[in-house]
Amino acid sequence: LVAFDEIETISFGEESELQGALKNYLESGNFTVANYKGSSSAGLVLLGNIPLSSDKKPLSINYFNNLPEFFKSSALLDRFHGFIEGWRLPRINENMKLKGFALNVEYFSEILHKLRTVPEYPDIVEKVLEIPKTADTRDTKAIKKIATGFFKLLFPHITNLSILNKDEFNLFCLENAKRMRKIIKEQISLIDSEYSDTIPEIVVRR
């Protein structure tokens, strides 16, 4: 993935041109630099800070208030699959540090990298989800992608639909994916009233 850190402080030249390039890349994975045309499967992540109250909750319902105007385009934001509520994550404390044996970080990272191309996981997700025929395509793609990611991380040993615990998949993978996508839609609707804040009623096939 490519991460833009401290996103609220970043500025760009030729913003309209770059915005169009990002929209195209996030939609299709294709990009053009000078005369070079290429494609990539790398994700794009925006990292930033949101003003919080003393009880660690956002001061504003509009999470994207502090984004540069460049990123306040509803069409661009709609291409991001989901939103992670960083304020819900605990700060790293001394008692969280592990003592003893652990997986080497480079080895673990290589495992995660290899999991990206294993076809069984997205195939299972495709088969287990019941998607309404009228579901928005971009929402559907986002929810499926995020649910597949959770599936790989939490249930890497499940490579066959027959041994999948559907209740666990629904609770830990699908519901979290829908929540992450729902936040994106809600935030876009605050910026652009033409966008709905709803997501498709995607459920686990029983």
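A salt bridge is defined here as a side-chain nitrogen of Lys or Arg within 4 Å of a carboxyl oxygen of Asp or Glu. In this predicted model, a search of the whole structure identifies 14 salt bridges.

Two of these contacts involve Glu27. The side chain of Glu27 meets that of Arg79 in a salt bridge with an N to O distance of 3.4 Å. This pair links distant parts of the chain, since Arg79 lies in the loop between helix H2 (74-77) and H3, Glu27 belongs to helix H1, and their positions lie 52 residues apart in numbering terms, the two being 52 residues apart. Arg79 is buried, with a relative accessible area of 17%, which falls under the 20% limit for that class. Glu27, in contrast, is partly exposed, at 35%. The side chain of Glu27 also meets that of Arg138, with an N to O distance of 2.8 Å. This second pair again joins distant parts of the chain, with Glu27 in helix H1 and Arg138 in helix H5, 111 residues apart. Arg138 is partly exposed, with a relative accessible area of 25%.

Both contacts of Glu27 described above involve residues that belong to a network of salt bridges, in which Glu27, Asp78, Arg79, Arg138, Asp139, Arg181 and Lys185 are linked. A further salt bridge is formed by the side chains of Glu175 and Lys178, at 3.7 Å from N to O. Glu175 and Lys178 are three residues apart in helix H6, and therefore about one helical turn separates them. Glu175 is partly exposed, with a relative accessible area of 35%, whereas Lys178 counts as buried at 12% relative accessibility. In general, side chains of opposite charge can pair when their charged atoms come close.

The surface also carries a nonpolar patch, formed by Leu103, Tyr107, Phe108, Ile111, Leu112, Leu153, Leu154, Leu171 and Phe172. Together, these residues have about 840 Å² of accessible area. At least two residues of the patch are supplied by each of helix H3 (105-115), helix H5 (137-154) and helix H6 (166-191). The greatest contribution is that of H3, which gives four residues. Leu154, one of the patch residues, is located in helix H5. The relative accessible area of Leu154 is 43%, and this residue is therefore partly exposed.

The second largest pocket holds about 300 Å³ of space. Its lining is shared by several elements: strand S1 (2-4), helix H1 (15-28) and strand S2 (30-33) each give two or more residues. The largest share, four residues, comes from H1. In total, 14 residues line the second largest pocket, and those nearest its centre are Leu18, Ala21, Leu22, Tyr25 and Phe31. By residue class, the lining consists of 11 nonpolar and three polar residues, with no charged residue among them.

Helix H1 thus appears in two of the settings described: Glu27 of helix H1 pairs with Arg138 of helix H5, and H1 provides four residues to the lining of the second largest pocket.

How values were computed:
Residues numbered from 1 in each chain as written. Predicted model: local features only at pLDDT ≥ 70, side-chain atom pairs only at ≥ 80, totals over all residues. Heavy atoms only, no water. Patch = residues over 30% accessible without salt bridge, like charges linked within 9 Å, V, L, I, M, F, W, Y side chains within 5 Å. Areas by Shrake-Rupley, 256 points an atom, 1.4 Å probe, with all protein chains shown as cover. Buried < 20%, exposed > 50% of the residue type's maximum accessible area, 1.4 Å probe, protein only. 1 Å grid on protein atoms, 1.4 Å probe; cavity = no way out; pocket = protein on both sides within 12 Å on 5 of 7 lines; lining within 4 Å. Points joined across faces, edges and corners; volume = space filled by probe spheres on them. Nonpolar A, V, L, I, M, F, W, Y, C, P; charged D, E, K, R; others polar.
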